[in-house]
Amino acid sequence: MLVHRSGPARGRRLALTGILLAALSLASALPAQAADTPPRGSAHMGMGVVEHDGSHGTPVPGGATQTEGVDVSSHQGNVAWSTLWSSGVKWAYAKATEGTYYTNPYFAQQYNGSYNVGMIRGAYHFATPDSTSGAAQANYFVDHGGGWSRDGRTLPGALDIEWNPYGAACYGKTQSQMVSWIRDFLTTYKARTGRDAVIYTATSWWTQCTGDYSGFAANNPLWIARYAASVGTLPAGWGVYTMWQYTSSGPTVGDHNRFNGALDRVQALANG
């Protein structure tokens, strides 16, 4: 004998079916690029350079004396520091933090490993101005490896401020809001460490998102990102660069840099 069920059980089934159909409809309505958005915490120096500025070769040998360096993040894992040292790399920066929600699980191996083979090392913070204030992120950075010590082999912390890999390029901020956020970070970092942080950026991003603000150039060393034979035009205020990230496809680790000067100038920056 067939039994026709109705009432609460049938109602629950209809409700579940409705929820499932609504979820499928919402998923189909999401923008296509959402699937390509990387997970928070995975950002690293220069990840937007090729997409936004392209790659136009590498520097030609010769010219002024420069000192080779690298920057690393969790993408490199445990780094072969002795191999890099033997190849002529003398300084390194390791990603310590991002926002106020991420610390690099390989930071100790990278930060201490570079130091142990003889390099001058530093830490960098990937800024996410859409998540928390500049002061909050500076404090998080200092509290999780981004501090500075007067040991002659520790570089001041670097603020990595570039294209937002998780959304709008300027993190939803106006140019004046972005300048204020950066100032908040830099002021807090100096209050905590006694050092002016290095600013890592690309000229095109800086122009777009800060209005080519020139007010930080007097105190904060510039680390410019440009994958080409020359650094090109620098952001407003900076007449010279201190460091230049010139490629993301170098030997041993991808991100290679040149310090604008001999090794004694790298040591001078470390000494403050």
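**View 1. The disulfide between C170 and C209 in this predicted model is left-handed.** The torsion about the S-S bond of C170 and C209 comes out at about -75 degrees, and that is why the disulfide gets the left-handed label. The S to S distance between C170 and C209 is 1.9 Å, inside the 2.5 Å cut-off for calling a disulfide. By that rule the count for the model is one disulfide. The pair ties together distant parts of the chain, 39 residues apart: C170 is in the loop between β5 (158-160) and α6 (175-193), while C209 belongs to helix α7 (residues 203-210). Are the two cysteines buried or exposed? C170 counts as buried because its relative accessibility is 13%, under the 20% cut-off. C209 is buried as well, at 1%.

**View 2. Helix α7 keeps its buried residues on the same side.** Here the close-up stays with C209, which is one of the buried residues of α7, along with T203, W205, W206 and T210. Seen around the helix axis, these residues cover an arc of only 160 degrees, so they sit on the same side of α7. What covers them? The cover for the buried residues of α7 includes α6, β6 (198-201) and β7 (222-225). Just past the end of α7 comes G211, with a positive phi of about 75 degrees.

**View 3. F185 and Y189 stack within helix α6.** A search of the whole structure turns up 16 aromatic pairs. One of them is F185 with Y189: the ring centres are 6.5 Å apart and the planes are at 0 degrees, so the pair counts as stacked. Since F185 and Y189 are four residues apart in α6, about one helical turn separates them. An α-helix has 3.6 residues a turn, so residues three or four places apart point the same way. Both rings belong to buried residues: F185 has a relative accessibility of 0%, and Y189 is also at 0%. For another geometry, look at W205 and W206, an aromatic pair that is tilted, with 6.3 Å from centre to centre and 55 degrees between the planes. W205 and W206 are buried too.

**View 4. W91, Y93, Y200, W223 and F259 make up one aromatic cluster.** Two charged side chains over rings are shown with this view. K90 lies over the face of W85, 3.6 Å from the ring centre. R195 lies over the face of W148, at 4.8 Å from the ring centre.

**View 5. R153 reaches the backbone oxygens of Y115 and M119.** Where is R153 in the chain? Its place is the loop between α5 (134-146) and β5. With a relative accessible area of 24%, R153 counts as partly exposed, because the buried class stops at 20% and the exposed class starts over 50%. A polar atom of the R153 side chain lies 2.2 Å from the backbone oxygen of Y115, and the backbone oxygen of M119 is 3.3 Å from a polar atom of that side chain. Leaving out residues up to four places away in sequence, R153 touches Y115, N116, G118, M119, I120, R121 and A270. V266 is 113 residues from R153 along the chain, yet the C-alpha atoms of R153 and V266 are separated by 8.9 Å.

Notes
Residues numbered from 1 in each chain as written. Predicted model: local features only at pLDDT ≥ 70, side-chain atom pairs only at ≥ 80, totals over all residues. Heavy atoms only, no water. Helix = DSSP H or I, 4+ residues; strand = E, 2+ residues; numbered from the N terminus. Buried < 20%, exposed > 50% of the residue type's maximum accessible area, 1.4 Å probe, protein only. Arc of directions from axis to C-beta. Contact = heavy atoms within 4.5 Å. Polar contact = N/O pair within 3.5 Å; in protein donor to acceptor, adjacent residues only side chain to side chain. Phe/Tyr/Trp six-rings, centres within 6.5 Å; stacked < 30°, edge-to-face > 60°. Lys NZ or Arg CZ within 6 Å of the ring centre and 35° of its normal.
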